[in-house]
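Q: I'd like to learn how to read a model like this one, feature by feature. Could we go through it together?

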2 protein chains.
Amino acid sequence: MALIVQKYGGTSVANPDRIKNVAARVAGYRERGDRLVVVVSAMSGVTDSLLKLAKEILPLPPEREMDMLLATGEQTTIALTAMALHARDVPAVSLTGAQAGIVTDRVHTKAKIQNITPRQIHALLDSGQVVIVAGFQGQTQEGQITTLGRGGSDLTAIALAAALKADLCQIFTDVDGVYTADPRLVPSARKLDEVAYDELLELAGAGAKVMQLRSVEFAKKFGVVFEVRSSLNDNPGTIVKEETKSMEGIVVRGVSLDKNQAKITVVAAPDRPGVSSRIFHALADAAINVDMIVQNVSHGSARPITDLSFTIDKPDLLKARKVMDALKPEIGFREVIANEGVAKLSIVGVGMRSHSGVAAKMFETLAREDINIDMISTSEIKISVVVDLAKGEAATRAVHEAFLG
Amino acid sequence: MALIVQKYGGTSVANPDRIKNVAARVAGYRERGDRLVVVVSAMSGVTDSLLKLAKEILPLPPEREMDMLLATGEQTTIALTAMALHARDVPAVSLTGAQAGIVTDRVHTKAKIQNITPRQIHALLDSGQVVIVAGFQGQTQEGQITTLGRGGSDLTAIALAAALKADLCQIFTDVDGVYTADPRLVPSARKLDEVAYDELLELAGAGAKVMQLRSVEFAKKFGVVFEVRSSLNDNPGTIVKEETKSMEGIVVRGVSLDKNQAKITVVAAPDRPGVSSRIFHALADAAINVDMIVQNVSHGSARPITDLSFTIDKPDLLKARKVMDALKPEIGFREVIANEGVAKLSIVGVGMRSHSGVAAKMFETLAREDINIDMISTSEIKISVVVDLAKGEAATRAVHEAFLG
């Protein structure tokens, strides 16, 4: 008799029929004797409709009122999910984030969970109920409704699993689990049985759209083992957990390609202290997220100059150009070259720590395919390269074949 | 600087443009220096969509979950209304029923307000905010979300006005106020400047669709003076209050016609104790609402028999026939005659208490128009008659002309 926290995302509860499917699945677990806490998101499309309504009234609505508005999305789903369980004669009670005891800070629209008082959930579980909890939301200590921002429902599930000391946390989604690469890109990609928190963090940071970073970080911090699996079939998913000795045997856990990057090169910038700080402060002030940064060695000796390259999200390119143009007189670089035609290819694996020659093998593989490398950046368990966008997919397949084929 | 509670119904907040209109009106009051608490309903159509969703999952959903579901309707409106005020640079904060301190009993879907702790509302008003409160909802002492049933938003407004000791309570709706008769039926009908609680209660009970009885009863109980007025124009509405001496000068305040009635006559029922009790208990058990009841004097002496007539809501007619058919062997009446072709015409006025000859004048008016009276029922401030449905409208016009023309 395990205590299981399950989370179903927006597409899994998109309409009454899918909600009935979720109820059928939950009922199945309950028949086995498990105790269940089920976290649900807003039905897919609902949050967007609410956002659209709000924008019709005010382009930038106050965040407290956005939270009041958006919280109705999950509240609708919990009620309907509880009803669908009642339709199967399974006793079930829905709870808003506030009722579930989820207390957050006061940062509306992207609140952080501060603590969870799961007294009511425990009482309901003890009385034999399935407890349905609204994901993505909580309340401040003063009783203000807050939302947790993107990926918030995953976070609710993982935080509840931690607070309840659940035996298992299952994140149901529309994919079968975490893959060695995007199967649409790499037909030979395989589902992973397990992946370490750090690996999933690097894969997600490298563009793999499995889960938001913060949910994985939270799970890592509190040691919550969770499973990513499909709500459309009964296949086992991928277990995400702390890395183990045996995981190190595998050098590369996964390959990911991020086609949403653009590269900016600042040509012949003066190589003196404070220049790069000035540039990246200005970009941060404009809320532009910088990913990879590479600075080449300087040349010239009286007044040394250097080339500085960095990548940003493609939609920020225009904004970034404006920031750089404004800095030109102050800093005195020669020019700025922007390139939208790039992609970032990454390989990730905790095994890299104990294996050498991984980078060499990656570069060699790309060279053999006649793919030029624009930028390189490495971390302890990840190697990322920037390549020509047009060759990104071929590069991904080649690297996957070399390490995971 | 008055404290005003305003309530806007579903049609007044049906879409973003109408919500903006509400905000414009509220902003206007605020510019005068008033302090405002604004109660809003769900946008019209929203509650029906939610009900439809629920029925797709379960024909008779558990009432606790219905409340969880339906409460999202008003929560959506409060957030959007607060945004619309922000768009006008008016500081505004939305509160759910629970946050507004509205505590109810545990009867889900038709909860009664037990008490209101308006501490938070007072604090927000003191800090210069317009406070937007979700109508129709509250929470139990245990923190369960409840809804108040039909007309619940009016009730929220009136209860808040009582708890806050507001100077004024305004119920904004899509009519200009309370009329002497339905203007679609009686072109010469006039809007009333004022009406007594008891008169409005009798008019509403007689089919005038201004407000739900329970809201008026609540206002009467707590002495809340309120105004019914239009959200579409700036015309003054109708003030509803305790009756005053001056009100008695007017014999008939209004005329109403209820075409939703059906008449059942039990012919030759044995006139012995317990028979009518048996009949009306059986009808009550079947949840059939009985309105007028008339029993004629009995005839026969060894085994006296009598005719018993009563009216019910037309949609209940089939169900009522079945109840009566089932009772026939036990009670032993001769037959049951059902008549859907009837209407109930009522005149209402506190002045009737001190004026005689009112009934005579009503009957005389109908006789002059050659309209036959089927049943008569009187209360202290109301006289109702059942007439042929086809003649109902002509009868209404004639009686309105006689008393209010």
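Q: Let's start with sheets. What is the strand order in the open sheet of eight strands in chain B, and what kind of pairing does it have?
A: Keep in mind that this is a predicted model. To read a sheet, walk across it strand by strand and note who sits beside whom. Here the order in chain B is β3-β6-β2-β1-β9-β11-β12-β10, and the pairing is mixed. At the edges you find β3 (92-95) and β10 (194-196) of chain B, each pairing on one side only. From one strand to the next, the twist averages 20 degrees.

Q: How many bridges join β2 to β6 in chain B, and which way do these strands run?
A: Pick one pair and follow its bridges. Strand β2 (residues 35-40) of chain B is joined to strand β6 (residues 130-134) of chain B by four bridges, and the two run parallel. To find your place, look for B:Val38, whose bridge partner in β6(B) is B:Ile132. A helix also packs on this sheet: α6 (residues 197-205) of chain B touches β10 and β12 (238-241) of chain B, and its direction makes about 85 degrees with that of β10(B).

Q: Which strands make up the open sheet of four strands in chain A?
A: Same walk, another sheet. The order is β13-β18-β20-β19 in chain A, with antiparallel pairing. β13 (254-258) and β19 (373-379) of chain A have a single partner strand each, so one side of each is left without a neighbour in the sheet. The twist averages 15 degrees from one strand to the next. Inside the sheet, seven bridges join β18 (residues 342-348) of chain A to β20 (residues 382-388) of chain A; A:Val348, for one, has A:Lys382 as its bridge partner in β20(A).

Q: On to helices. At what angle do α2(A) and α3(A) pack?
A: With a helix pair, take the angle, then the spacing, then the residues that touch. α2(A) and α3(A) pack at about 155 degrees, their axes 9 Å apart. An angle over 145 degrees counts as roughly antiparallel, so α2(A) is roughly antiparallel to α3(A). The crossing is right-handed. From α2(A) come A:Val46, A:Thr47, A:Leu50 and A:Ala54, and they meet A:Met66, A:Leu69, A:Leu70, A:Gly73 and A:Thr76 of α3(A). By class, that contact has six nonpolar, three polar and no charged residues.

Q: Are α5(B) and α7(B) roughly parallel or antiparallel to each other?
A: Read them in the same way. Helix α5 (residues 152-164) and helix α7 (residues 213-222) of chain B pack at about 10 degrees, with axes 9 Å apart. They are therefore roughly parallel. Among the residues that meet are B:Leu155 and B:Ile158 in α5(B), and B:Phe218 and B:Phe222 in α7(B). The contact has seven nonpolar, one polar and two charged residues.

Q: How many residues of chain A are in contact with chain B?
A: For an interface, count residues, then ask which elements supply them. Here 27 residues of chain A contact 27 of chain B. α1 (16-31), α2 (46-57) and α3 (63-86) of chain A each supply at least two on the A side, with the largest share, 13 residues, coming from α3(A). That side has 17 nonpolar, seven polar and three charged residues.

Q: What turn lays chain A on chain B?
A: In general, two copies of a chain are related by a rotation about an axis and a shift along it. Here a turn of 180 degrees and a shift of 0.1 Å along the axis give an RMSD of 0.1 Å. The copies are thus related as by a two-fold rotation axis. In chain A, A:Thr72 comes closest to that axis, at 2.6 Å (C-alpha). And 100% of the interface residues of chain A are also interface residues in chain B, so the copies meet through the same surface.

Note on methods: Residues are numbered from 1 along each chain as its sequence is written. Chains are lettered from A and ligands numbered from 1 in the order in which they are written. This is a predicted model: local features need pLDDT of at least 70, side-chain atom pairs count only at pLDDT 80 or more; totals for chains, interfaces and linings use all residues. Axes are lines fitted to C-alpha atoms, for helices over the stretch in contact, and angles run from 0 to 180 degrees between N-to-C directions. Angles under 35 degrees count as roughly parallel, over 145 as roughly antiparallel, 65 to 115 as roughly perpendicular and the rest as oblique. Two residues are in contact if their C-beta atoms, placed from the backbone, lie within 7 Å. Ala, Val, Leu, Ile, Met, Phe, Trp, Tyr, Cys and Pro count as nonpolar, Asp, Glu, Lys and Arg as charged, and the others, Gly among them, as polar. Copies are superposed by least squares on the C-alpha atoms of residues with pLDDT of at least 70 in both. Two strands pair if DSSP finds at least two bridges between them. A crossing is left-handed if the near helix is turned anticlockwise from the far one by less than a right angle, and right-handed if clockwise.
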